[in-house]
Amino acid sequence: MRWDVVVLGAGSAGAAAAHALAGRGLSVLALERKPLDAAGARWCNAVPGWCFDASDVPRPTAPEARGGPPIHLVAGWGPERVRIAGQDVLEVDMRHLVARLQRLATEAGATLRGGVTVRGVVGDVVHTDAGAFRARWIVDASGLHGVERRRAVDRRDLCVASQQVRTLADPEAGRAWFARHGAAPGEILCFTGVAGGYAIVNVRLHGDDEVAILTGSLPGLGHPSGVTLMERFVADHPWIGPVRFGGARAIPVSAPKARLHEGRIAFLGDAAVQVFAAHGSGVGAQLVAARLLAETFAAGGTPADYSRAWWARYGPDLRASARFQLASRHLSTDALGRLMRAGVMAPDMVRGPLEQRPPRITPAALAAIGAGVARDPGALLGLARAGWTAISGR
Ligand SMILES: Cc1cc2nc3c(=O)[nH]c(=O)nc-3n(C[C@H](O)[C@H](O)[C@H](O)COP(=O)(O)OP(=O)(O)OC[C@H]3O[C@@H](n4cnc5c(N)ncnc54)[C@H](O)[C@@H]3O)c2cc1C
């Protein structure tokens with residue numbers, strides 16, 4: 001049998017593609033090297049609501065959805081901060097999302113096979129340890145270290161992140177710690193620039209007995225990795241108890257691949273570096289890309305057509321986010337605090353990027369920035385210097 005599409009990987013990108021393609025009447029086989037219930041991300045990720053609306057996937061509900069804003073963006077370990085509320089961002093338990101996407105794909109008619117490792121693609125044949133499969137088109141959604149290893153990402157552009165949901169060993173002490181940092185239960189404290197400008201330690205209480213912790217940094221630049229940041233943070237806070245679930249991995253935070261295709265192969269998700277690099281978020285981008293890919297194939301288009309369409313519609317925003325990420329590496333916590341005081345990091349400005357959109361430069365935001373810069377004319381210098389260091393260092 002020759003399939004319309006064979007999808008490599010059944011994590012969030014692969015399962016979303018299988019669902020979107022099968023839902024448009026194409027015959028789809030998805031191959032996953034792990035058991036299907038172990039595929040993809042096994043931690044919690046922040047995903048903007050609009051990305052669900054722009055995909056074929058309904059918004060999640062509990063227990064898959066685990067809350068949203070407000071978030072306190074804190075310069076270093078504080079106290080300087082901005083508090084942003086009302087942004088359309090959901091915290092998603094990826095174990096549930098991947099399972100839902102796989103279920104939707106199967107219901108739409110796709111065939112999903114776990115425990116099958118893809119060894120390579122030659123022409124229209126996908127070679128695996130369970131035999132060969134022929135396909136008109138192939139979607140590589142096998143992640144950063146998947147089938148196409150030769151598309152390596154520079155190690156300086158790898159954010160090593162860790163996310164864990166842990167019990168509270170001492171709930172009262174945990175709540176007191178959040179109160180001391182000016183956050184109510186359920187609000188996110190995101191300590192920014194704690195190991196190089198880009199690094200974060202992001203903490204939130206969930207329910208009465210859980211804390212969710214996310215850490216990330218760029219070890220390729222000589223900083224401690226997100227895994228080390230996690231170990232240190234947990235060791236320093238005895239109110240944090242054992243791990244319930246979570247994981248750690250590298251996220252590519254360079255600009256997306258210039259070509260999302262190679263012959264019959266279309267790249268999707270981390271395999272395509274479809275990541276909003278300013279905060280290393282790949283899930284929203286891959287959900288909307290999966291729909292665009294399916295629409296393109298269903299209309300008789302090719303992987304090259306998908307690549308062009310994606311770059312025309314979504315690519316520039318992700319590329320701009322990668323440029324901001326480069327500048328943010330060189331931003332000191334002092335410079336960040338100054339930008340916050342000057343109003344350049346006003347909630348109106350930051351809400352867009354948190355939702356993985358360009359900043360909305362409203363008249364009110366411009367007026368606030370103008371007033372802040374008039375008070376501290378040097379505040380923008382730190383950002384300009386960071387931008388210049390990023391550009392001249394490349
Ligand atoms: C700790 C952490 C926190 C993060 N936080 C966020 C966040 O808040 N928001 C956000 O949007 N993103 C976040 N990300 C990034 C996000 O998790 C990834 O972008 C996303 O999971 C990538 O999905 P994917 O399907 O492209 O790749 P993967 O999840 O890597 O899935 C690829 C699948 O392909 C399979 N595979 C690989 N090779 C083969 C082969 N040879 N044969 C068959 N199958 C194969 C793998 O087993 C895997 O199941 C975070 C990442 C980490 C590590």
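Which residue in E13 stands opposite cysteine 190? I looked it up, and the partner is asparagine 202. A reminder to myself: this is a predicted model.

**The strand pair.** I then checked strands E12 (residues 188-192) and E13 (residues 200-206), and they pair in the antiparallel sense over five bridges.

**The sheet.** I traced the order as E5-E4-E12-E13-E14-E11-E15, so to speak an open sheet of seven strands with mixed pairing. At the edges I found strand E5 (81-84) and E15, each pairing on one side only. Neighbouring strands here are turned against each other by 15 degrees on average, direction ignored.

**Helices on the sheet.** Next I looked at what lies across these strands. Helix H9 (residues 333-342) lies across strand E4 (71-75), E5 and E12, and runs at about 130 degrees to E4. Helix H10 (residues 347-354) lies across E4 and E5, at about 65 degrees to E5.

**Domains.** I noted the assignment for the chain: domain 1 is 2-63 + 94-153 + 254-320, domain 2 is 155-251 and domain 3 is 331-392. Between the C-alpha centres of domain 2 and domain 3 I have 25 Å.

**The ligand.** How many residues surround the ligand? I get 41, and the closest are Gly9, Gly11, Gly143, Gly269 and Gly282. By type, the shell holds 18 nonpolar, 18 polar and five charged residues. Domain 1 and domain 2 each give at least three residues to this shell. Helix H1 (12-22), strand E3 (44-48), strand E11 (158-168), strand E15 (240-252) and helix H6 (283-298) each supply at least two.

Notes
Residues numbered from 1 in each chain as written. Predicted model: local features only at pLDDT ≥ 70, side-chain atom pairs only at ≥ 80, totals over all residues. Domains from an automatic or database assignment. Near = placed C-beta within 6 Å. Helix = DSSP H or I, 4+ residues; strand = E, 2+ residues; numbered from the N terminus. Nonpolar A, V, L, I, M, F, W, Y, C, P; charged D, E, K, R; others polar. Pairing = 2+ DSSP bridges. Axes fitted to C-alpha atoms, helices over the stretch in contact; angles between N-to-C directions. Contact = placed C-beta atoms within 7 Å.
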